[in-house]
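Trainee: I'd like a close look at one part of this protein: its inside, taking in any cavities and the residues around them. Please take it slowly, as I'm new to this.

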Amino acid sequence: MRPQRTSIHAISTWVRRQPPKVKAFLAVVSGMAALVLLRFIVHDHDNLFVAAEAVHSLGITVLIYKLMKEKTCAGLSLKSQELTAIFLAVRLYCSFVMEYDIHTILDLATFVTTLWVIYMIRFKLKASYMEEKDNFAIYYVVIPCAVLALLIHPSTSHHILNRIFWAFCVYLEAVSVLPQLRVMQNTKIVEPFTAHYVFALGVARFLSCAHWVLQVLDTRGHLLVALGYGLWPSMVLISEIVQTFILADFCYYYVKSVFGGQLVLRLPSGVV
């Protein structure tokens, strides 16, 4: 096991010493390689979206275990949970009025558990909530997402209000994790359960992004036409890619920490 850790440490050290452009190139190449692998392994790419929801639910389960077992919410961002509840509530509304399916049930389960997490942080475990570290102003993301949704939304036959709501939840989901990353940036040390939860979010976002990218490739672009015309199809893909890359850096340090046998994740300055 020690030679494996030594080789991983050598690779991570080499990557860390590379300039930003090289790191970005390596991230893109790694992402493309993962997409190619998923394309051959997973034949029904709709399963990737279901898997993304399942991994997100697993992350929430880890969070629930932390809150119930350790009786502390230290290191968690209440604002990220509130943003998650907002976009899930909007997406549930859109699902009920536009396209009710299995994803609606998964979203409902995630929404209920997210509300429970918010309740625990706000009331039951308020004494351990690090409010001074959770200092990201959520209107910095809510207002731009709302404005963007008014300007760029689907061009389907649904009511204009429903289409705007749909776009709003897509944009808000892409940036909902930013307050949690700010908390980790402020503390620099991330305890195991919080790290597992955020890593699960990163994996879920990547699977969701892979679902959309592979669907576009398989349909040779026809999926973009089905989503509507104008800028909306491109914005859907951009949102998926953005939310994946937002968490990519953290996931790299998480994997490095796990293979290095470290229970507590220490983040270098400027990581998130």
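Mentor: Let's get one definition down: helices (H or I, at least four residues) and strands (E, at least two) are DSSP runs, numbered from the N terminus. With that in hand, the chain reads α-α-α-α-α-α-α-α-β-α-α-α-β from start to end, which comes to 11 helices and 2 strands.

Two bits of housekeeping. Keep in mind that this is a predicted model, where local features need pLDDT of at least 70 and side-chain atom pairs count only at pLDDT 80 or more, while totals for chains, interfaces and linings use all residues. Residues are numbered from 1 along each chain as its sequence is written, and side-chain values use heavy atoms, with hydrogens and water left out.

Now for the holes. Think of a 1 Å grid over the protein atoms alone: a cavity is a set of points where a 1.4 Å probe fits but cannot get out, and lining residues have an atom within 4 Å of a point. Points are joined across faces, edges and corners, and the volume is the space filled by probe spheres set on them. By that recipe, the structure has 2 cavities of 30 Å³ or more.

The largest one holds about 130 Å³ of space. Its lining is made of Phe49, Ala52, Glu53, His56, Phe87, Arg91, Glu173, Ala204, Arg205 and Ser208. Find α3 on the model, since this helix gives the most to that lining, with 4 residues. Each of α3, α4 and α9 brings at least two. Sorted by class, you get 4 nonpolar, 2 polar and 4 charged residues. Here Ala, Val, Leu, Ile, Met, Phe, Trp, Tyr, Cys and Pro count as nonpolar, Asp, Glu, Lys and Arg as charged, and the others, Gly among them, as polar.

The second largest cavity holds about 40 Å³ of space. Around it sit His56, Ser80, Thr84, Ser176, Val177, Tyr197, Leu201 and Arg205. Look back at the earlier list and you'll spot His56 and Arg205 in both linings. This time α9 gives the most, with 3 residues, and α4 and α9 each supply at least two. The classes come out as 3 nonpolar, 4 polar and 1 charged.

What about the packed parts? Of the protein's 272 residues, 44% count as buried, meaning under 20% relative accessible area, with exposed over 50% and partly exposed in between (1.4 Å probe, protein chains only). A nonpolar core is a set of buried Ala, Val, Leu, Ile, Met, Phe, Trp, Tyr and Cys residues joined through side-chain atoms within 4.5 Å. In the largest core, which has 55 residues, Tyr171 and Trp232 touch the most other members. Helices giving two or more residues to this core are α3 (46-69), α4 (78-98), α5 (102-124), α6 (139-151), α7 (160-175), α8 (178-187), α9 (192-218) and α11 (232-259). The largest share, 10 residues, is from α7. There is also a second, separate core of 8 residues, including Ala52, Ala204, Leu207 and Ala210. Ala52 and Ala204 should ring a bell, as they also line the largest cavity.

Zoom in on α8, and you'll find Pro179, Gln180, Leu181, Val183 and Met184 buried. Just past the end of α8, Lys188 takes a positive phi of about 70°. Lys71 has a positive phi too, about 55°, although it is not a glycine. You'll find Lys71 in the loop between α3 and α4, and at 57% relative accessibility Lys71 counts as exposed.

Last stop: the rings. Rings of Phe, Tyr and Trp (its six-membered ring) pair if their centres lie within 6.5 Å; planes under 30 degrees apart count as stacked, over 60 as edge-to-face and the rest as tilted. The structure holds 8 such aromatic pairs. In one of them, Tyr119 and Phe123 have ring centres 5.5 Å apart and planes at 40°, so the pair is tilted. Both lie in α5, 4 residues apart, about one turn of the helix. Tyr119 is partly exposed at 38%, whereas Phe123 is exposed at 57%. Back in the big core, Tyr171 and Trp232 join Trp166 in one aromatic cluster.

Notes: On a 1 Å grid over the protein atoms alone, a cavity is a set of points where a 1.4 Å probe fits but cannot get out, and a pocket is an open set with protein on both sides within 12 Å along at least five of seven lines; lining residues have an atom within 4 Å of a point.
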